[in-house]
Amino acid sequence: MSKLRAIKTVQPKKPSNLFLVEMIIAMLFFSISGAVILNVFAAADGKMRRSETGDGAVLCAQSCAEVYSLKGSISEMAELVFGDFETREDGSLSVILDERCKPSKEGVITLIISESEEDSAAGVLKTAELVFMRDNEELRRFSCSAYVPRIPEKEDGA
């Protein structure tokens, strides 16, 4: 008689946890990537807002410079450009502006306008300095000048 060989039955292998580990690693990678991208977008948004504020400050300063070159007085300039301003103790003017540098009662930016003069025989060179401040931190600083010539008086010789 022949010996019967024992028939080995092939049992199915236990499912490997390799697929689960791969999925966890993939989820970890995508969550870290998402956090980094979210951080990049938040930083870009902050830079965009600061850029908009800077652009508004440049446009505001340009308007002020044009009016100042015509009028030669910071109070007349502030009246025409902003309408509402406050005179400070040192003689400078203060205007409250919003994020886009438009006049506002509840603004977050303060524009301080000061004036200096240089006198000469031919006239007066007036210089206005515009300083944009937020939370006691200087955002931008601009200067503009206006030359006011002296008109010589004519002598009557008749």
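Okay, let's start with a question: is Asp 135 buried or exposed? Asp 135 counts as exposed, because its relative accessibility is 68%. Keep that residue in mind, as we'll come back to it. One caution before we go on: what you see above is a predicted model.

Let's begin with the helix, H1. It runs over residues 18–71. That gives H1 54 residues, and the distance from its first C-alpha to its last is 79 Å. For 1.5 Å a residue you'd expect 80 Å, so the model comes close to that.

Now, what sits on the surface? Find Leu 28, which is part of H1. Together with Ile 32, Val 36 and Val 40, Leu 28 makes a nonpolar surface patch, and the four add up to about 370 Å² of accessible area. Look at the spacing of those numbers. In an α-helix there are 3.6 residues a turn, so residues three or four places apart point the same way.

Further along, H1 has buried residues, including Thr 53, Gly 56, Ala 57, Cys 60 and Tyr 68. Which elements cover the buried residues of H1? The cover includes helix H2, which is 74–81, strand S3, which is 109–119, and also S4 and S5.

Just past the end of H1 there's Gly 72, with a positive phi of about 75°. Then comes Ser 73, in the loop between H1 and H2. Ser 73 counts as buried because its relative accessible area is 16%, and the cut-off for buried is under 20%. The side chain of Ser 73 makes a polar contact of 3.1 Å with the side chain of Ser 75. Setting aside sequence neighbours within four places, Ser 73 touches Tyr 68 and Glu 115.

Next, Cys 101. You'll find Cys 101 in the loop between strand S2, residues 93–97, and S3. Is Cys 101 buried or exposed? Cys 101 is buried, since its relative accessible area is just 6%. And who is Cys 101 in contact with, leaving out neighbours within four places in sequence? The answer is Thr 53, Gly 56, Ala 57, Cys 60, Ile 109 and Phe 132. Go back to H1 for a second: Thr 53, Gly 56, Ala 57 and Cys 60 are among its buried residues. Leu 38, by contrast, is 28 Å from Cys 101, C-alpha to C-alpha, with their positions 63 residues apart in sequence.

Ser 92 is another one to look at, in the loop between strand S1, which is 86–87, and S2. Its relative accessible area is 4%, so Ser 92 is buried. The side chains of Ser 92 and Asp 90 share a polar contact of 2.6 Å.

Okay, salt bridges. How many salt bridges does the count come to? It comes to 7. One of them joins Asp 84 and Lys 105, at 2.7 Å from N to O. Those two are 21 residues apart, with Asp 84 in the loop between H2 and S1 and Lys 105 in the loop between S2 and S3. Asp 84 is partly exposed, because it has 45% relative accessibility, while Lys 105 is exposed at 66%.

Another salt bridge brings together the side chains of Asp 119 and Arg 150, 2.4 Å from N to O. Asp 119 sits in strand S3 and Arg 150 in the segment after S5, so this pair ties together parts 31 residues apart in sequence.

Then there's Glu 129 with Arg 141, where the closest N and O atoms are 2.8 Å apart. Glu 129 belongs to strand S4 and Arg 141 to strand S5, so here the parts tied together are 12 residues apart in sequence. Salt bridges with shared partners join Glu 129, Arg 141 and Glu 138 into one network.

And that brings us back to Asp 135. Where is Asp 135 found? It's in the loop between strand S4, residues 123–134, and strand S5, residues 137–149. Most residues other than glycine have a negative phi. Asp 135 isn't a glycine, yet its phi is positive, about 55°. Asn 136 lies in the loop between S4 and S5 too, and has a positive phi of about 60° without being a glycine. Asn 136 counts as exposed because its relative accessibility is 77%.

That's my tour, thanks for listening!

Notes:
Residues numbered from 1 in each chain as written. Predicted model: local features only at pLDDT ≥ 70, side-chain atom pairs only at ≥ 80, totals over all residues. Heavy atoms only, no water. Patch = residues over 30% accessible without salt bridge, like charges linked within 9 Å, V, L, I, M, F, W, Y side chains within 5 Å. Areas by Shrake-Rupley, 256 points an atom, 1.4 Å probe, with all protein chains shown as cover. Helix = DSSP H or I, 4+ residues; strand = E, 2+ residues; numbered from the N terminus. Buried < 20%, exposed > 50% of the residue type's maximum accessible area, 1.4 Å probe, protein only. Contact = heavy atoms within 4.5 Å. Polar contact = N/O pair within 3.5 Å; in protein donor to acceptor, adjacent residues only side chain to side chain.
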